[in-house]
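Colleague: Could you talk me through this one while we both have it on screen? I'd like to go helix by helix and hear the reasoning behind each call.

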Amino acid sequence: MSMRLFELMLWAAGKTVLLSAVSIMIGLAIGLMICAAKLSPNKLLSIPATLYVSLFRGVPLLVQLLLIYNLLPVLGIMVPSVVAAVAGLSLCTAAYQAENLRGGFQSVPRGLLEAADMVGMSPWKQLTRIRAPIAFRLTLPALVNEAILILKASSLVSVVGVIELTRMAQNLSASSFRPLLFYSVAGAMYLVICWVVAGGGSLAERMLKTGSRA
Amino acid sequence: MTRPAVTVRDVHKSFGKTEVLKGIDLAVPSGSTTCILGPSGSGKSTLLRCIAFLEETTSGIIEIHGEPLGFADTGDGGRTRLPSSEIRKVRARIGMVFQQFNLWPHMTALGNVTEALVTVRKMKRKDANEIGEAQLARVGLSDRGHHYPAELSGGQQQRVAIARALALEPDILLFDEPTSSLDPELTGEVLNVMRELAGGGMTMIVVSHEIGFAASVGDKIVFLDEGKLLLDGPPSEIFATPRHPRLQQFMETYLDRGAATLL
Ligand SMILES: Nc1ncnc2c1ncn2[C@@H]1O[C@H](COP(=O)(O)OP(=O)(O)OP(=O)(O)O)[C@@H](O)[C@H]1O
Ligand SMILES: [Mg+2]
């Protein structure tokens, strides 16, 4: 493989990372809101949140992507396909992240909040200083897991015409008649990216376990 | 006669249909130590949690230095819920130490002790740290401020929890089985801190199975049985033989358990 082709693959890998990272971040923000809605005693919030989660977890991501891609123009929204791709990935991962976060929030031991209550912390302070930081630590392994899943699932966005790592390997295979080479390189690149994410995750976990000490 | 630090008047507490506290009356004089004994399930924790307002009583009145906590007497036999600002003010005089320590795992010992000074009392970080370090020194942990709870022994964690409560200068400290989740060799260090606090004039209510501590430090022993205060008096009276049969039975169970760990 020439340097030029390798550079193309690297560029595509970068795009995969970017697509996934943006989607994970947006998904985390939406997931937090859905989690809050789901934990709310207000049924007007919790029922739609539950519906959202079951909908986006129940429909294959590929179908979701195709639906969003075809729905946007019908609604008169003209956006580049990459935006449709990020929207699809974000909305889907948000459902899973909402569930992870809910698990984290519900696993914060009640005694820790009672201790906060006893020193006079307001409900808001209890949330921001105690509940959320502990829930986030409890959720971190699941978040890393989800990031890896989304990294790999991002290969699906090639169906809406976004050129990322998988699509690039496909294109180059077709033009060079060397599919084994390009798919192996793509596979290796996915593997390395996932290793980095997993490694970063366990490093963060270790650092957060006792604060700064590893 | 000065007003008691804590007054409990005809307090009932039910969880659903089960009545756990069946009319408790109790006065805790300022500066004294009251030890609550009683078999498992008799309602000791529930009573303490009601005094901390972690549970709301079903009926009855609790007063802290004469000020009603949570609910005030309307004078015609009923009671009315007080505004939350009022509740917070009265509650600020009470500190609580839990059986499971309940330290916040993501903060250091010093962080745990200073958290409320900064976020609730709005102190500057530097001033809060000064107080925090002094309180940690008071429980013998001046060299452990920067350790996280997971890096401390159970006895050290419980002492940090005591320092956390002390930092807010409460008038009254509540302890719910503070040594029950500790290995036997670690209970001493916690009991010693509590003994010193009692000697220093802190008002304390202690739920504990440490009968030795209760007998030597308690100014008053209260024996709770099936949601009722069966006995209430100084240790010399309560522990004098012949004992109330329920207390005798309780102590035998306790001593059996103690003996069993020796084998
Ligand atoms: N939140 C709750 N909901 C329902 N029942 C409860 C609740 N808390 C306590 N109880 C019940 O109230 C009774 C008294 O409980 P409590 O914890 O006050 O007992 P205790 O004297 O502290 O016992 P132990 O020595 O085992 O700690 C028990 O039967 C318990 O099951
Ligand atoms: Mg108890």
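Colleague: How do α4(B) and α5(B) pack: roughly parallel, roughly antiparallel, roughly perpendicular or oblique?

Modeller: Keep in mind that this is a predicted model. In it, the axes of α4(B) and α5(B) sit 9 Å apart and meet at an angle of about 135°. Roughly perpendicular ends at 115 degrees and roughly antiparallel needs over 145, so α4(B) is placed relative to α5(B) as oblique.

Colleague: Which residues of α5(B) make that contact?

Modeller: The crossing of α4(B) past α5(B) is right-handed. From α4(B), the contact uses B:Gln135, B:Leu136 and B:Arg138. On the α5(B) side, the partners are B:Val160, B:Ala163 and B:Leu166.

Colleague: And α3(B) with α4(B): is the crossing left-handed or right-handed?

Modeller: Helix α3 of chain B covers residues 109-119, and its axis lies 9 Å from that of α4(B), at an angle of about 130°. That angle makes the two helices oblique to each other. As for the hand, α3(B) passes α4(B) in a crossing that is right-handed.

Colleague: Which residues of α3(B) make the contact with α4(B)?

Modeller: On the α4(B) side, the contact includes B:Arg125, B:Ala128, B:Asn129 and B:Ile131, and also B:Gly132, B:Glu133, B:Gln135 and B:Leu136. B:Gln135 and B:Leu136 are also among the α4(B) residues in the contact with α5(B). From α3(B) come B:Ala109, B:Leu110, B:Val113, B:Thr114, B:Leu117 and B:Val118.

Colleague: Moving on to α6(B), within what arc do its buried residues fall?

Modeller: This helix runs over residues 184-199 and reaches 23 Å from first C-alpha to last, close to the 22 Å expected for its 16 residues. Its buried residues are B:Leu186, B:Thr187, B:Val190, B:Leu191, B:Val193, B:Met194, B:Leu197 and B:Ala198. Looking down the axis of α6(B), they line one face of the helix, because they fall within an arc of 155°.

Colleague: Which exposed residues are on the face of α6(B) turned away from that buried side?

Modeller: The buried side of α6(B) packs against several chain B elements: β3 (33-37), α4 (125-138), α5 (154-166), β9 (172-176), β10 (203-207) and α7 (211-217). The face turned away from it carries the exposed residues B:Glu185, B:Glu196 and B:Gly199.

Colleague: What phi does B:Gly201 take?

Modeller: B:Gly201 comes just after α6(B). Its phi is positive, at about 95°.

Colleague: Over to chain A. How many helices and strands does it have?

Modeller: The C-alpha trace of chain A spans about 70 × 50 × 25 Å along its principal axes, and buried residues account for 41% of its 214 residues. Taking contacts with a separation of 6 or more, 73% join residues 24 or more positions apart. Read along the sequence, the pattern is α-α-α-α-α-α-α-α, and the count is 8 helices and 0 strands.

Colleague: Which helices do the buried residues of α7(A) pack against?

Modeller: α7(A) takes in residues 165-176 and reaches 16 Å, close to the 16 Å expected for 12 residues. The buried ones are A:Leu165, A:Met168, A:Ala169, A:Leu172 and A:Ser173, and they line one face because they fall within an arc of 130° seen down the axis. The opposite face, turned away from the buried side, carries the exposed A:Ala174 and A:Ser175. The buried residues pack against α1 (3-39) and α8 of chain A.

Colleague: Is A:Gly187 buried, partly exposed or exposed?

Modeller: A:Gly187 lies in α8 of chain A, residues 179-209. A:Leu165 is 22 residues away in sequence and 9.2 Å away in space, C-alpha to C-alpha. With a relative accessible area of 34%, between the 20% and 50% cut-offs, A:Gly187 counts as partly exposed.

Colleague: Which residues does A:Thr139 touch, leaving aside those up to four places away in sequence?

Modeller: A:Thr139 belongs to α6 of chain A, residues 123-153. Its relative accessibility is 6%, so A:Thr139 counts as buried. Leaving aside residues up to four places away in sequence, A:Thr139 touches A:Asn100, A:Leu101 and A:Gly104.

Note on methods. Residues numbered from 1 in each chain as written. Chains lettered and ligands numbered in written order. Predicted model: local features only at pLDDT ≥ 70, side-chain atom pairs only at ≥ 80, totals over all residues. Heavy atoms only, no water. Helix = DSSP H or I, 4+ residues; strand = E, 2+ residues; numbered from the N terminus. Expected span 1.5 Å × (residues − 1). Buried < 20%, exposed > 50% of the residue type's maximum accessible area, 1.4 Å probe, protein only. Arc of directions from axis to C-beta. Contact = heavy atoms within 4.5 Å. Axes fitted to C-alpha atoms, helices over the stretch in contact; angles between N-to-C directions. Parallel < 35°, antiparallel > 145°, perpendicular 65-115°, else oblique. Left-handed = near helix turned anticlockwise from the far one by under 90°.
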